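Visitor: Could you take me through one part of this protein up close? I'd like to look at the backbone oddities in the loops around one strand, and then see where that strand fits in the rest.

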Amino acid sequence: MRYSCGMSRRLADVARKAGVSEATVSRVLNGKPGVSAATRDNVLTALDVLGYERPTQLRGDRARLVGLVLPELQNPIFPALAEVVSGALVQLGFTPVLCNRTAGGLSEPEYVNLLLDQQASGVIFAGGMCAEADASHDHYRLLRKRGMPVVLVNAAVADLGFPAVATDDAVAVEQAYGHLRSLGHERIGLVVGPADHMPSRRKVATFERLAGAAADGEFVERTLFSLEGGQAATSRLLRRGVTGVICGSDPLALGAVKAVRRQGKRVPEDVSVVGFDDSAFMSCADPPLTTVRQPIDAMGRAVVTLLAAQIDGSQAADDELLFEPELVVRGSTGPAR
């Protein structure tokens, strides 16, 4: 069979990526015998990673690609999860593909279409639209219709029908609230994300149970997940006289610390602050941040195990695995005055 210059270059690229000869690549692309299943998978994965279109007769095969869809990378907890999940996927012979939502970039539905076009083996969603009650969920229903293996991370909307892994938000608030109460704080505020954000809803429900029915009107603030959002929301709580603030993420907590200082007060002498995640460098903050640690390593491994079982043909239950968090006490909390 004669090859054009373009085809020859493609054979060379794929062979280099897969670590095999061009003749082996040619045998795989032409469906000829004499190639092991493992080598065939490596060649097809290399073809997908390099962006080359599969031959028509091979397009029905799943690529060894797994999409990891993240809502952002500015919060250090998402790169930390990506590192754990990517490492576990690689050990199983999969190639992780990071799909990060950015302003002006691809949306979640566009990433889903791209992964379907590439014949990906599965998709992992960490937060994002699966945790937003008011968002469109049509692309999740499309994945379910196509039989795509999927795992959702952290408090997904209940009726999507996929297995899910999450930190127990109720336990997280119980730990943070109990810690502040043990230090003598009575006026405690909660800063969380938007009203349709499912993990925030769970935190609010537990906080209201602990603090009383009036807590939502006076001591709960919803905002965007950012340092600026945390600062603005905490400023409003400080005007209501809170001495302790529980935040739904570490960036929100850093914003809370900034708000306290802007009002001429000190952390923790005047106001105590608790974060959520225990993301990178929180022990190096000023003061070191008391926070509720998500068990990212255990959660990441569970996510990959659930996804791999689906890829291997097992029927996955669409219930949720809840992982218990851990309160890490540092210098941002202290006794109430």
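Guide: Sure. Keep in mind that this is a predicted model. The protein has 36 positive and 38 negative side chains, with the centres of the two sets 5 Å apart. Now for the close look, which is strand 9 (272–277) and the loops on either side.

Start just ahead of the strand. The loop between helix 11 (250–262) and strand 9 holds P268, and the bond joining V267 to P268 is a cis peptide, with omega about 10°. Now go past the strand, into the loop between strand 9 and strand 10 (290–293). P287 sits there, and a cis peptide bond links D286 to P287, with omega about -5°. That loop between strand 9 and strand 10 also contains F281, whose phi is near 75°, a positive value in a residue other than glycine. Why point these out? Because most peptide bonds are trans, and most residues other than glycine have a negative phi. As for its surroundings, F281 is exposed, at 66% relative accessible area.

Strand 9 also has a part in the largest pocket: along with helix 4 (77–91), helix 8 (198–211) and helix 12 (296–311), strand 9 gives two or more residues to the lining. That pocket holds about 710 Å³ of space. In total 35 residues line the largest pocket, and P71, E72, F78, H197 and F225 lie nearest its centre.

For the wider setting, the protein has twelve helices and twelve strands, and its C-alpha trace spans about 85 × 35 × 30 Å along the principal axes.

How values were computed
Residues numbered from 1 in each chain as written. Predicted model: local features only at pLDDT ≥ 70, side-chain atom pairs only at ≥ 80, totals over all residues. Heavy atoms only, no water. Helix = DSSP H or I, 4+ residues; strand = E, 2+ residues; numbered from the N terminus. Lys, Arg positive; Asp, Glu negative; His and termini not counted. Charge placed at Lys NZ, Arg CZ, Asp CG, Glu CD. 1 Å grid on protein atoms, 1.4 Å probe; cavity = no way out; pocket = protein on both sides within 12 Å on 5 of 7 lines; lining within 4 Å. Points joined across faces, edges and corners; volume = space filled by probe spheres on them. Buried < 20%, exposed > 50% of the residue type's maximum accessible area, 1.4 Å probe, protein only.
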